[in-house]
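Here is a brief report on a few local features. Look at the structure first, then read on.

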Amino acid sequence: MSDTTTTPTSPPAPAPPPSKGNRRGRKAGPADNSNSEFANFPEVEYFIAPGPRGYPPLTEFLDIWEVDMMRRTDESNKLEHHTALYNSEHLVIRRAQEFQIKLTFNRPYKPNEDKFAVEFTIGSSPQFSKGTYIPVFFTKDRQSAWAGRIIASSDNVITVGITPGTNCIVGKYNLYVAVVTPYGVRRTRPDKSREMYILFNPWAKDDAVFLDDEMEREECVMNEMGIIYHGAYNDVAERSWNYGQFNFGVLDACLFVLDQSEMPIINRGDPIKVARQASAMMNSQDDNGVLVGDWSGDYFYGVSPTSWTGSTDILISYARSKTPVRYAQCWVYAGVFNTFLRCLGIPSRVVTNFFSAHDNDGNLKTDIILDENGRIDRNRTRDSVWNYHCWNECYMSRPDLPQGYGGWQIVDATPQETSDGLYRCGPASVHAIKHGEICFPFDAAFVFAEVNSDVVFYSRRKDGTMDLVKVNRTHIGRMVLTKAPGDETRRDITNQYKFPEGTTEERTVLEKAEEYGCQRIKADPPLADVDLTLPTLEISVGDDFELDLEFVNRSKEKRTVEAYISGSVVYYTGVSGHEFLFRTPTVQIGPQKSVKELVQIESKKYMQHLVEQGNLNFIVTGKIKETGRIITATKLVALHNPKLTVEVSGNAKVNEEMMVTVEFTNPFSFSLEDVNVRMEGPGVMLPRRKTFR
């Protein structure tokens with residue numbers, strides 16, 4: 001007999017896998033939460049009791065000689081399902097869309113006499129009632145959860161079409177072909193070549209992740225290269241990122257992430273649950289997830305976050321070692337999370353919010369505490385403003401929310417605050433954020449504060465009382481960017497998160513948020529009659545430069561300002577490092593006049609204290625002697641790094657080698673040591689690294 005034999009009814013219970021604890025009395029069977037474990041079905045199941053000579057042979061009935069999965073990249077399945085780019089020898093298809101397989105029998109198929117079914121199983125304990133065992137029949141009198149039809153029949157070969165359900169489980173399946181005889185059922189033996197992957201389908205109208213925009217689908221599902229924005233809102237920098245969602249091993253690594261989280265197999269067809277679970281698993285904070293976060297600047301035991309160029313190395317390393325990869329910061333979390341989502345078929349993109357509030361109090365205020373001299377009290381200032389923060393948006397329907405709140409959803413893997421006991425965030429509806437519906441799940445209030453908080457400056461007296469100094473209502477969420485679809489330019493999507501500052505709609509949204517318990521400062525302190533402005537600067541690392549402060553007296557009387565100027569090296573998270581500048585000039589300003597105060601900044605003062613993504617933050621405060629009012633202004637200077645140049649020589653032809661030259665010129669007056677160069681190209685070159693001592 002050939003490689004055949006089983007039942008299109010319910011399969012027998014397989015032997016349970018090793019248990020992670022005694023569940024006796026709590027669950028009827030073992031937990032089914034691993035996509036790497038499969039049940040082994042018997043090749044023969046008899047309907048009758050054995051006779052004196054045993055069971056009758058089944059060789060005289062229909063037998064299966066071959067199962068052709070039609071899995072080559074040039075065949076219809078992968079082409080029509082947009083999966084030809086996956087570097088996998090297995091069949092990869094998308095749910096809610098028909099795919100085909102060819103079956104070769106030992107004789108011509110007779111529809112009126114022969115009965116067979118194609119069976120799909122996923123997980124270690126497949127059950128029909130849970131959607132982990134799906135038999136597909138090809139007769140009108142017996143249909144199943146997945147539609148099946150015979151497309152063509154020629155001699156001993158038939159071609160069948162199978163359409164997985166619109167909400168079926170996403171993951172790796174085993175396929176069997178079962179033939180029914182009067183005495184029993186026999187099925188094909190387990191064969192790794194018949195393992196297949198079923199993904200979410202943004203091309204199918206009935207799928208929860210359907211995205212009705214071909215350009216967006218090409219960008220947010222199929223594009224392997226992306227741009228992640230960072231820097232400052234008025235000096236935006238770009239970081240290329242190789243998502244590599246089609247690279248060899250990445251799909252298995254993404255499924256391994258879900259296995260590590262012990263997410264039940266039956267929940268893996270719901271993109272809301274998958275995205276939320278993965279949000280927790282991208283960080284290692286509480287569940288041994290993919291990446292270890294570190295903002296200290298000391299990366300001796302791992303890879304510096306700025307050294308990563310893509311997701312492939314990270315995901316493959318995690319799947320092989322089963323231990324978290326070191327180290328990550330927000331854009332690394334977002335880049336790897338984007339790979340995960342796109343790989344499984346959920347449309348996604350990386351988003352950068354410039355001046356992003358991390359509001360520890362859960363209100364709509366980012367509190368900055370100054371001492372009586374106008375200097376920031378770092379011991380009492382708990383909230384922080386990140387120069388930028390990266391998260392992800394994924395596209396899906398939200399049947400758990402009122403109509404209209406589906407579409408783009410925010411998910412954030414950077415561990416900031418816990419949600420339901422784990423470090424994760426989202427999915428939160430972008431539409432809900434814009435309209436102030438902060439009670440909608442999940443974590444809408446936290447995201448709303450990231451883009452809508454007010455920056456409130458207080459002056460703290462020696463007796464502990466606080467005076468309101470200034471309220472900046474436009475600083476937070478200054479700009480939200482993502483990559484434009486089909487182009488290498490950026491796309492400003494701020495208007496998808498908030499209404500324009502000062503409009504009636506914006507006030508209505510903030511009032512709605514207050515109804516849900518968010519606290520805001522409604523009062524404004526009396527305006528001082530002296531204005532203070534700081535210039536916008538574009539500075540490269542190692543430059544000396546001049547800070548030009550302008551004090552403008554709008555009153556008709558002379559004003560004396562006792563100023564305090566501080567310059568600090570600052571992490572992109574808003575946390576200050578070394579203070580390299582501290583001056584306390586006194587500025588005299590005539591009536592309705594302006595005075596400029598020039599401050600020379602020498603590179604030697606800040607260079608030895610620079611941290612990764614070196615930023616300089618200047619805070620200037622002043623107390624007007626005649627009125628007692630306090631004025632304050634801040635300016636972030638994002639230092640530009642030296643440039644790399646990449647040149648390709650030779651003819652760009654398929655299957656022919658090319659030479660890539662990377663050039664870097666040291667712009668400093670001192671030698672650089674331990675310079676690491678990492679480079680990769682999707683579909684062209686796997687990640688490579690070279691060190692120059």
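## Terms and model

Strands, labelled β, are DSSP runs of E with at least two residues, numbered from the N terminus. Val684 sits outside such runs, in the loop between β37 (675–681) and β38 (685–692). The model is predicted.

## Nonpolar surface patch

Val684 is exposed because its relative accessibility is 66%, and the cut-off for exposed is over 50%. The residue also belongs to a nonpolar patch on the surface. The other members are Leu644, Val646, Val648, Met658, Val660, Val662, Phe664, Phe670 and Leu672. Together, the patch residues have about 860 Å² of accessible area.

Two or more residues of this patch come from β35 (644–649), and the same holds for β36 (659–664).

## Helix packing: α3 and α6

Helix α3 covers residues 250–260, and helix α6 covers residues 330–344. The two pack at an angle of about 105°. Their axes are 10 Å apart. The angle therefore makes α3 roughly perpendicular to α6.

Which residues meet between α3 and α6? From α3 come Val250, Leu251, Cys254, Leu255, Val257 and Leu258. From α6 come Thr339, Phe340, Cys343 and Leu344.

## The loop at Ala145

Ala145 lies in the loop between β6 (133–136) and β7 (147–154). Is Ala145 buried or exposed? Its relative accessibility is 63%, so Ala145 counts as exposed.

Ala145 and Ile134 are 11 residues apart in sequence. Their C-alpha atoms are 7.1 Å apart in space.

Terms used. Residues numbered from 1 in each chain as written. Predicted model: local features only at pLDDT ≥ 70, side-chain atom pairs only at ≥ 80, totals over all residues. Heavy atoms only, no water. Helix = DSSP H or I, 4+ residues; strand = E, 2+ residues; numbered from the N terminus. Buried < 20%, exposed > 50% of the residue type's maximum accessible area, 1.4 Å probe, protein only. Patch = residues over 30% accessible without salt bridge, like charges linked within 9 Å, V, L, I, M, F, W, Y side chains within 5 Å. Areas by Shrake-Rupley, 256 points an atom, 1.4 Å probe, with all protein chains shown as cover. Salt bridge = Lys/Arg side-chain N within 4 Å of Asp/Glu carboxyl O. Axes fitted to C-alpha atoms, helices over the stretch in contact; angles between N-to-C directions. Parallel < 35°, antiparallel > 145°, perpendicular 65-115°, else oblique. Contact = heavy atoms within 4.5 Å.
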